[in-house]
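I set out to record what I looked up in this structure, entry by entry. The notes below follow the order in which I worked.

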Amino acid sequence: MMSSSRDGRFMTDKGHSISLNIIGKGTWYDKAASELVEREKKLGRSLKLIRTESGLGASGFPHIGSLGDALRNYAVALGCRVQGYDAELIAFSDDKDGLRKVPAGLPKELEKWLGYSVSTIPDPAGDCHKSFGAHMTSQLLAALDTSGADYNFMSGFECYKQGIFDKEILAIMNNHEKVGRIIQDEIGQEKYTEELPYFVVCEKCSRIYTTHATNYHPETHTIEYECNGMEVRGNWLEGCGHKGEVDILSGNGKLSWKVEFAARWRALDIRFEAYGKDIADSVRVNDRICREILGWEPPMHVQYEMFTDRGGKKISKSAGNVFTPQVWYRYGSPQSLNLLIFKRFVGTKSGSVLDIPQHMDELDDVEDAYFGKVKMQDEMEKAQASGLYEYCWMIKPPKEIEVHVPYNLVLKLARLAPKGQEKTFIESKLREYGYLDKTTNGLDKRIGYALNWVEDFAEELPEINLTEQEATIVNAVLVELRKANTPEEYQGVAFNAAKANNWKPRDVFPVVYRVLLGKTQGPRLGPYISLIGKEGVISEMENAVKKRA
RNA sequence: GGGCUCGUAGCUCAGCCAGGUUGAGCGAUCGGCUCUUAACCGAUAGGCCGAGGGUUCGAAUCCCUCCGAGCCCGCCA
């Protein structure tokens, strides 16, 4: 039935028409939200508030992937809002988890805290937060704030303390044999056919990962445990030997991950959770626990690929040189990082600082689509690009377009810019190239990002080792330069030097640029010398010649 | 052993969800920007979309099989 002009190419040459309805803003998130709403309707659940969830790791520095998980889940909540439903992201901190490994970059002394809940370990950065876990979580929450997301924060530690999961804990413990069978059935892990899926905090040594819980007493809802040690990430944590019995509703422990998601989903009424493929097995188990033990249909899922660095290796929370959102924000805008995260829901993507220029430019492209600055023949294509832009701004896009300058151009100018006059130099060049004709909105920020980049990734200037002939050339240029006094005259010095000695200009310029910039190419000399100052250039050239001698 | 992703121009990738004449950036070649260069502008070259089958009026796109590359899980959380 569709054949109006706005459907463009969807009318085929043979006259077949294809129905096309753009869902929401036309992005993956709109599609997922739409499916989610349909699913909930079929299940007959309330649509008053649709909750999505992201687990916030609290045992290491949050990296780009941690933010990616939270933002993908947030975007589905946004998609629900676009459809007209109330929705929110639950940002759930896994701060009841124990410390399993000292994160790279932190002192070895922290090893004494291995096995303790991260909420009971002091903040390694000093007194800025009340615990190790709180410090790590706050980093991710800060990134979420910068990204523009809103969320409902919950602490696992507090949830256990307040008894939020009591009903679920009881249901799981009362059926722990069936739970053990499900785990074995799904992933072949036999551990929980013998043990209870609950980690007790040892009453004597206060550690959570050294205890084994074996006997459950339903009438008192207590479990017996023994602190006899456990292997954690290849290291043996020796137990203190204590034997005891605790109330599982006391908050003195936590559910194993193999069953905790399920408890969270039902207790917090979670309807959607995207997850990285590294925890695919746990999610599969939890789906069955949720359905078969808790009698509640688990949330809709989407599995996505892990972020990888340029070498294709997983970015690990505990590996060194963690690529955190804060690092990205130093060289690129929050929206450009949102774009990296949002542009594909499931596919592999690299998460490297090297991607920042590309994403800054790509954001300009989708901004053009949103503001109608580019013609797109296809309604769907246009909707997807401008929709993506809106999601990058969390559906609150700015009213005015920003200045668009290729990031690599600003970088190049930033590299060439004379010290102390970076901003003036870059701005004047960009004006010369005609980039600032329409607006300078956002220019300062862009220059700032590029300057940060150059400051942090400055390439070592290669040793300027002039040959005898090159030294002669430099000396000849020096002769001319001493006579010159205006930008116009500066511009002529290389040519005059060439003429006077019967060289070609192309023999002279590379040498001059190498002395001044360490490269064989560079900006127009006249204005550049005038910006740096004649005296500075003369002394640099003299030094280069002197070094040779 | 279980699962996932990718394979499209010399290179890096986009397009695939929701089928309708494959695009971009870089690189290459040539030209323009009143003298070299960066940048910018213009033009040209370059792809049986990994292979084979299926569905369809029509497949890079959906389904199956195979080949190749990579990742996750197979401790624990």
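**Entry 1. Surroundings of α6.** I began with the buried residues of helix α6 and asked what covers them. The cover includes α5, α7 (191-194), β5 (212-217), α8 (257-267) and α9 (280-293). I note here that the model is predicted.

I then listed the buried residues of α6, which are His176, Val179, Gly180, Ile182 and Ile183. Viewed down the axis of α6, these buried residues fall within an arc of 160 degrees, so they line one face of the helix. I recalled that an α-helix has 3.6 residues a turn, so residues three or four places apart point the same way. On the face turned away from the buried side of α6, I found the exposed residues Glu177 and Asp185.

I also checked the length of α6. The helix runs over residues 176-187, and its twelve residues should span 16 Å at 1.5 Å a residue; the end C-alpha atoms are 16 Å apart, which agrees. Just after α6, I noted that Gly188 takes a positive phi of about 75 degrees.

**Entry 2. α8 and the residue after it.** Since α8 is among the elements covering α6, I examined α8 in turn. I found α8 mostly covered, with nine of its eleven residues buried. The buried residues are Lys258, Val259, Glu260, Phe261, Ala262, Ala263, Arg264, Trp265 and Arg266.

Asp269 follows α8 and has a positive phi, near 60 degrees. I placed Asp269 in the loop between α8 and β11 (270-276). Is Asp269 buried or partly exposed? With 16 C-beta neighbours inside 10 Å, Asp269 counts as partly exposed, because a residue needs 20 or more such neighbours to be buried.

**Entry 3. Phe165.** I next looked up Phe165, which lies in the loop between α4 (156-162) and α5 (166-174). Phe165 is buried, with 24 other C-beta atoms within 10 Å. Which residues does Phe165 contact, leaving aside its neighbours within four places in sequence? I found Cys159, Tyr160, Ala263 and Ala267. Of these contacts, Ala263 is itself listed among the buried residues of α8.

I also took one distance from Phe165. Its C-alpha atom is separated by 36 Å from that of Gly351, and the two residues are 186 apart along the chain.

**Entry 4. Ser206.** I searched for another positive phi outside glycine and came to Ser206, where phi is about 70 degrees. I located Ser206 in the loop between β4 (198-200) and β5. Ser206 is partly exposed, with 14 other C-beta atoms within 10 Å.

**Entry 5. Packing of α1, α2 and α3.** Two packed helices are described by the angle between their axes and the distance between the axes. I looked up both values for two pairs.

The axes of α1 (residues 28-43) and α2 come within 8 Å and cross at roughly 70 degrees. That makes α1 roughly perpendicular to α2. The contact involves Tyr29, Asp30, Ala32, Ala33, Leu36 and Val37 of α1, and Ala75, Val76, Leu78, Gly79, Cys80 and Val82 of α2.

For α2 (residues 64-82) and α3 (residues 132-147), the axes come within 10 Å and cross at roughly 55 degrees. The helices α2 and α3 are therefore oblique to each other, and I recorded their crossing as right-handed. Here Ser66, Leu67, Ala70 and Leu71 in α2 meet Leu140, Ala143, Leu144 and Ser147 in α3.

**Entry 6. α16.** I applied the checks used for α6 to α16 (residues 443-456). This helix has 14 residues and reaches 20 Å from its first C-alpha to its last, close to the 20 Å expected at 1.5 Å a residue. The buried residues of α16 are Arg446, Ile447, Tyr449, Ala450, Trp453 and Val454. Seen down the axis of α16, they fall within an arc of 160 degrees, so they line one face of the helix. The face turned away carries the exposed residues Asp444, Glu455 and Asp456. The elements covering the buried residues of α16 include α10 (325-331), α14 (407-416) and α15 (422-432).

**Entry 7. The chain overall.** I closed with totals for chain A. I counted 21 helices and 14 strands in its secondary structure. Of its 549 residues, 40% are buried. Among contacts between residues at least 6 apart in sequence, 68% join residues at least 24 apart.

Notes: Residues are numbered from 1 along each chain as its sequence is written. Chains are lettered from A and ligands numbered from 1 in the order in which they are written. This is a predicted model: local features need pLDDT of at least 70, side-chain atom pairs count only at pLDDT 80 or more; totals for chains, interfaces and linings use all residues. Helices (H or I, at least four residues) and strands (E, at least two) are DSSP runs, numbered from the N terminus. A residue is buried if 20 or more other C-beta atoms lie within 10 Å of its own, exposed if 12 or fewer, and partly exposed in between; C-beta atoms are placed from the backbone. Two residues are in contact if their C-beta atoms, placed from the backbone, lie within 7 Å. The expected span of a helix is 1.5 Å times one less than its number of residues. The arc is that of the directions from the helix axis to the C-beta atoms. Axes are lines fitted to C-alpha atoms, for helices over the stretch in contact, and angles run from 0 to 180 degrees between N-to-C directions. Angles under 35 degrees count as roughly parallel, over 145 as roughly antiparallel, 65 to 115 as roughly perpendicular and the rest as oblique. A crossing is left-handed if the near helix is turned anticlockwise from the far one by less than a right angle, and right-handed if clockwise.
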